[in-house]
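Reader: I've got a model open and a few things to check. Can you walk me through it?

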Amino acid sequence: MNHNDQGKSFLASVDHYFNKAAALTGHPPGLLEQIRTCNSLYSFKFPIRTETGYEVIQAWRAQHSHHKLPVKGGIRYSADANEEEVIALATLMTYKCAIVDVPFGGAKGAVKVNSKDYDVEQLQRITRRYTAELIKKNFIGPALDVPAPDYGTGSREMAWIADTYQAFHPEQIDALGCVTGKSVGQGGIRGRTEATGLGVFYGTREVCDSAETMLSLGMDRGIDGKTFVVQGLGNVGFHAAKFFTEGGAKLIGVSEYEGAIHKQDGIDLPALMAHRKETGSILNFPGAANLPRREDGLELECDILIPAALENQITDENAPRIRTKIIAEAANGPVTAAAEAILQQKNILIIPDVYINAGGVTVSYFEWLKNLSRVRFGRIEKRFEQAAYDRILSLVEKEIGRALSADERSLAARGADEADLVYSGLEETMITAFHQINEISKRSGVENLRTASFINAINKVAVSYMELGIFP
Ligand code: NAD
């Protein structure tokens with residue numbers, strides 16, 4: 001399948017999931033069509049100078065739904081990017097924001113380049129030119145459309161975007177809110193880098209804590225001791241693996257661009273990262289077996305499989321060979337609709353992308369709020385809280401007749417700083433969203449968590465349109 005066909009198949013999968021859920025909502029067909037369809041698509045080309053002359057680069061920004069503004073979604077740098085893929089990803093963003101109650105419509109952008117083919121100077125030129133094109137068409141701005149990192153981009157690109165936007169809008173006091181995922185020094189928020197991976201952890205842990213769900217899978221409750229495999233050790237995959245291992249789960253397999261490895265007694269993640277930095281590859285990691293093909297990592301027997309690379313990774317071709325009990329879709333669209341049907345027959349639980357990787361956009365929302373308010377979370381109340389806890393602890397000391405140790409006191413009397421608040425806001429969001437989805441799943445008799453998530457999203461977007469008076 002070529003990349004355009006892959007994009008079509010991805011969009012077809014998203015439409016399939018939508019239609020399946022929409023049929024269970026009872027909303028009128030016109031309203032459902034408005035919720036399904038992509039509202040605006042900007043497809044454009046621009047030149048950049050290279051050592052050998054000029055190169056014309058294809059790029060897109062899709063705004064899937066304007067039911068809430070701004071719209072929000074990452075920017076992907078990938079040689080495989082195509083229009084259908086961008087629309088599919090923008091569509092998922094609308095549903096994702098609705099599921100975690102982030103008041104944005106969905107969007108996504110892409111630049112058809114492999115970032116590894118360009119030096120930093122060229123990438124900076126590409127990013128600034130892409131931003132300038134978005135500015136020209138009003139496709140970026142804190143009140144309009146707020147990009148973020150995605151596959152192939154990170155805080156560096158986000159800083160270039162913010163700087164370019166500010167240069168065009170020097171009078172705009174909240175200009176930094178035109179993009180999220182910036183480094184903290186550039187107006188970012190603590191916790192954004194790891195947010196998607198941490199959200200995958202919080203969400204999966206909640207699923208594993210559900211006695212009913214674990215019983216249906218024939219597993220013990222809790223994440224502790226569960227084995228897991230990760231595909232893609234990039235931003236999302238690395239951080240997910242980090243929080244899973246810190247939470248007591250055992251990493252037994254990794255699949256990356258260059259190949260896959262397996263080590264049943266557990267892979268030491270920091271050691272693997274150091275090995276990859278030193279050798280340029282995860283292969284030949286001491287104590288681990290190299291697998292013949294990188295896709296083989298997906299087929300290792302484990303409790304939890306975390307595809308965290310790209311879409312269309314588990315298809316009807318390899319689905320029969322998947323040997324996990326749970327798939328946590330850290331990437332967008334890693335399982336095709338045809339594969340899902342096979343996995344369901346095998347009683348494999350899919351925690352869907354629209355819910356499980358929503359940690360990134362949740363913390364992006366916090367970053368945007370910070371940029372609009374121009375104050376760090378916790379700055380105003382931290383000391384006040386600390387002093388209040390101190391006073392309570394003094395009363396406790398009197399009551400128990402002994403002085404608390406310095407350690408006890410500092411642990412109990414600590415005021416929350418920005419990172420504490422971000423982590424706690426993210427944890428609350430992921431837990432609340434799971435229970436909403438689970439409730440819908442039970443109420444409507446839909447076992448599939450993806451369908452339940454889509455029903456939840458469709459209902460929330462429908463309410464927005466109805467409140468606007470556009471639909472009865
Ligand atoms: P990234 O570029 O940081 O990492 C992707 C990793 O996958 C890279 O290490 C790459 O080498 C690896 N990879 C590529 N093809 C592979 C293959 N065939 N097999 C194994 N590994 C492969 O990207 P990211 O930001 O971590 O995004 C990964 C996925 O998560 C994407 O689907 C993205 O849309 C989704 N996502 C990202 C965020 C975010 O905050 N960054 C939020 C939500 C969803």
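Reader: Start with D150 and K108. Buried or exposed?
Author: Both are buried. Keep in mind that this is a predicted model.

Reader: What do D150 and K108 form?
Author: A salt bridge. The closest N and O atoms of D150 and K108 are 3.1 Å apart.

Reader: Where do the two sit in the fold?
Author: D150 is in the loop between β5 and α5 (155–168), and K108 is in strand β4 (residues 105–111). They are 42 residues apart in sequence, so the pair ties together separate parts of the chain.

Reader: How many salt bridges does the structure hold?
Author: 35.

Reader: What does D145 pair with?
Author: R61. Their closest N and O atoms come to 2.6 Å. D145 belongs to strand β5 (residues 145–149) and R61 to strand β2 (residues 53–63), so this salt bridge links parts 84 residues apart in sequence.

Reader: And what is the relative accessibility of D145 and R61?
Author: D145 is at 0%, so D145 counts as buried. R61 also has a relative accessible area of 0% and is buried.

Reader: What about E85? Which partner?
Author: R76, with 3.4 Å between the closest N and O atoms. E85 and R76 are both buried.

Reader: Which residues do shared salt-bridge partners join into one network?
Author: R293, E295, D296, E299, E317 and R321.

Reader: OK, domains. How is the protein divided?
Author: Into two pieces: domain 1 (3–14 + 40–186) and domain 2 (189–381 + 416–472). Their centres, taken over C-alpha atoms, are 23 Å apart.

Reader: How many residues are in contact across the two?
Author: 43 from domain 1 and 38 from domain 2.

Reader: Cavities next. How many of 30 Å³ or more?
Author: One, from a search of the whole structure. About 40 Å³ of space lies in that cavity.

Reader: Which residues line the largest cavity?
Author: F10, S13, V14, Y17, L92, G333, V335, D353, R450 and F454. By class, that is six nonpolar, two polar and two charged residues.

Reader: Which element gives the most to the lining?
Author: α1, with four residues. Both α1 (3–22) and α16 (449–467) supply at least two.

Reader: And how do the domains contribute?
Author: Domain 1 and domain 2 each give at least three residues to the lining of the largest cavity.

Reader: Now pockets. How much space lies in the second largest pocket?
Author: About 490 Å³. The second largest pocket is lined by 21 residues.

Reader: Which of them lie nearest its centre?
Author: T213, S216, L349, E447 and N448.

Reader: What's the class breakdown of that lining?
Author: Nine nonpolar, eight polar and four charged residues.

Reader: Which elements each supply at least two of them?
Author: α7 (211–217), α10 (337–345), β12 (349–351) and α15 (418–443).

Reader: Switching to T204. Where is T204, and what is T204 in contact with?
Author: T204 is in helix α6 (residues 192–208). Setting aside neighbours within four places in sequence, the contacts are I223, F244, I304, A328, I351 and I356. T204 is buried, at a relative accessible area of 0%.

Reader: Backbone oddities. Which peptide bond is cis?
Author: L69 to P70 is cis, with omega near 0 degrees. P70 sits in the loop between β2 and β3 (71–77).

Reader: What about phi of N138?
Author: Near 60 degrees, a positive value in a residue other than glycine. N138 is in the loop between α4 (120–136) and β5. At 53% relative accessibility, N138 counts as exposed, because the cut-off for exposed is over 50%.

Reader: And phi of N347?
Author: Near 60 degrees, again positive and not a glycine. N347 lies in the loop between α10 and β12.

Reader: Why does N347 count as partly exposed?
Author: N347 has 45% relative accessibility. Partly exposed runs between the buried limit, under 20%, and the exposed limit, over 50%, so N347 falls in that class.

Reader: Last one, N235. Where is N235?
Author: In helix α8 (residues 235–246). N235 is partly exposed, with a relative accessible area of 39%.

Reader: How many Å separate the C-alpha atoms of N235 and N19?
Author: 32 Å, for two residues that are 216 residues apart along the chain.

Conventions
Residues are numbered from 1 along each chain as its sequence is written. This is a predicted model: local features need pLDDT of at least 70, side-chain atom pairs count only at pLDDT 80 or more; totals for chains, interfaces and linings use all residues. Side-chain values use heavy atoms; hydrogens and water are left out. On a 1 Å grid over the protein atoms alone, a cavity is a set of points where a 1.4 Å probe fits but cannot get out, and a pocket is an open set with protein on both sides within 12 Å along at least five of seven lines; lining residues have an atom within 4 Å of a point. Grid points are joined across faces, edges and corners, and a volume is the space filled by probe spheres set on the points. Ala, Val, Leu, Ile, Met, Phe, Trp, Tyr, Cys and Pro count as nonpolar, Asp, Glu, Lys and Arg as charged, and the others, Gly among them, as polar. A salt bridge is a side-chain nitrogen of Lys or Arg within 4 Å of a carboxyl oxygen of Asp or Glu. Buried means under 20% relative accessible area, exposed over 50%, partly exposed in between (1.4 Å probe, protein chains only). Contact means heavy atoms within 4.5 Å. Domain bounds come from an automatic or database domain assignment.
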